Amino acid sequence: MGQQPKVYVTRSIPEAGLGVVREACQARVWQEKLPPPRQVILEEVSDCDGLLCLLSDEVDATVMDAGELRVISQYAVGVDNIDLEAATARGIPVGHTPGVLTEATADLTFTLLMAAARRIPEGIEKVQSGAWQTWEPMGLLGAQVWGATLGVIGLGRIGTAVARRGRGFQMRVLYHDTEHKWKLEEELGLIYASLEELLGEADFVSVHTPLLPETQQLIDEGALRRMKPQAILVNAARGEIVDTQALVRALEEGWIAGAALDVTDPEPISADHPLVRLENCIVVPHIGSATVRARERMAEMAAQNLLAGLRGERLPYCANPQVYQVIDG
Ligand code: NAP
């Protein structure tokens, strides 16, 4: 039997995937709670054939050139922490985990939307602090979700799953994407809108694009000023899609009513950051895919991608399929 390939795994992931990797490879696994420092990654990959990484690891050309990686397998669907162009140029396929975290992330998005609409954190705080004394005819009035207008920016896998939930609440659902999605429009009763129209009409704006150069700060001051004063912004995509400084001002000055964020820029965000302190903003620690089921499936897919790459096979879930033009010449 030949020598097993060497791989570096940048954090302990569910056994459903890690067990498979350990069986087929000589795997070194970073066991700490916080991500490995960059220097550690650079040293670890120097003799590795494969890297299994997380969205908190920056995987750029320097990391790729520190060794002779044959595959990079990301334990996430978003791959904005990986320089895909550099990987493609070097003939390194990059795996990711689309689909299996869609419903979990859509559930979390809707949880955030409803928690912000109905001011749940303020309600909990009121009870826990002993400030709640009686049923209040005017206390903690929020926004009605049922029948309101939802604006989905990025009608991909997660955006569509959120739109379905919105339709379940009899919401009027507008969407904006790079293209019309005629079939989904018809199937779910969705309405295509320009970004400006969507921002101006939606009671809830939910962001679901990947982080790309075109979507970096897509929700900037102009976008926030276009939203209705009673509107709520939900972001469970990537923090950098929203201009943090502009959002703080929007929430402080009442351009919009509230925000609910699973992702922030910076991330992690400090406890004394205005977004964390503001009463009309909910921040949770990037838990979109954090269900037992989704994380197990993600681990299995990440392992499948890693092993396929090590065997020289096409990755079942590849984030840079154009790499095969480079590999196949
Ligand atoms: P997806 O299926 O690729 O959907 C993204 C959609 O956004 C696509 O329809 C895409 O259109 C569209 N889009 C791209 N650029 C746009 C733009 N400038 N304006 C409007 N729409 C645009 O991806 P997904 O699986 O739904 O995931 C979306 C993102 O969610 C991921 O990239 C990741 O960053 C984030 N995410 C977060 C969590 C979490 O834990 N909070 C979990 C999972 C994923 P095209 O196909 O034409 O480009």
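**Exercise 1. Classify the residues of the shell around the ligand and describe the contacts made by the ligand.**

*Solution.* Step 1. The shell residues around the ligand comprise 8 nonpolar, 12 polar and 5 charged ones, where Ala, Val, Leu, Ile, Met, Phe, Trp, Tyr, Cys and Pro count as nonpolar, Asp, Glu, Lys and Arg as charged, and the others, Gly among them, as polar. The structure is a predicted model, in which local features need pLDDT of at least 70 and side-chain atom pairs count only at pLDDT 80 or more, while totals for chains, interfaces and linings use all residues. Residues are numbered from 1 along each chain as its sequence is written, and side-chain values use heavy atoms, with hydrogens and water left out.

Step 2. The ligand is surrounded by 25 residues, of which R157, I158, D177, T178 and D262 are the closest; a residue is near a molecule or strand if one of its heavy atoms lies within 4 Å of it.

Step 3. Polar contacts are then listed (pairs of N or O atoms within 3.5 Å; within protein, one must be able to donate a hydrogen and the other to accept it, and residues adjacent in sequence count only if both atoms are side-chain atoms). An oxygen atom of the ligand lies 3.4 Å from a polar side-chain atom of R238. For H286, a polar side-chain atom is 3.3 Å from a ligand oxygen atom. At G288, a polar backbone atom lies 3.4 Å from an oxygen atom of the ligand.

Step 4. The ligand taken alone exposes 930 Å², and the protein buries 82% of that; accessible areas come from the Shrake-Rupley method with a 1.4 Å probe, and for residues only the protein chains shown count as cover.

**Exercise 2. Determine the strand order of the sheet that contains β1, and identify the helices that pack on this sheet.**

*Solution.* Step 1. Helices (H or I, at least four residues) and strands (E, at least two) are DSSP runs, numbered from the N terminus. Two strands pair if DSSP finds at least two bridges between them.

Step 2. The open sheet has 5 strands in the order β2-β1-β3-β4-β5, with parallel pairing. Strands β2 (26-29) and β5 (94-95) are at the edges with a single partner strand each, so one side of each has no neighbour in the sheet.

Step 3. Strands β1 (residues 6-9) and β3 (residues 50-53) form a parallel pair over 3 bridges; V7 stands opposite G50 in β3.

Step 4. Helix α13 (residues 292-310) packs on the sheet and touches β1, β3, β4 (71-74) and β5, its direction making about 175 degrees with that of β4. Contact means heavy atoms within 4.5 Å. Axes are lines fitted to C-alpha atoms, for helices over the stretch in contact, and angles run from 0 to 180 degrees between N-to-C directions. Helix α1 (residues 15-24) lies across β1, β2 and β3, at about 135 degrees to β2.

**Exercise 3. Analyse the sheet of 7 strands and the surroundings of H176.**

*Solution.* Step 1. The strand order of this open sheet is β8-β7-β6-β9-β10-β11-β12, and the pairing is parallel. Each of the edge strands β8 (190-192) and β12 (281-283) has a single partner strand, so one side of each is left without a neighbour in the sheet. From one strand to the next, the twist averages 20 degrees.

Step 2. Strand β6 (residues 149-153) pairs with β7 in the parallel sense over 5 bridges, and G151 has L174 in β7 as its bridge partner.

Step 3. H176 belongs to strand β7 (residues 172-176). A polar atom of the H176 side chain lies 3.4 Å from the backbone nitrogen of L195.

**Exercise 4. Locate the cis peptide bonds.**

*Solution.* Step 1. D265 and P266 are joined by a cis peptide bond with omega of about 10 degrees. P266 is in the loop between β11 and α12 (274-277).

Step 2. The peptide bond from E267 to P268 is also cis, with omega near 0 degrees; P268 lies in the loop between β11 and α12.
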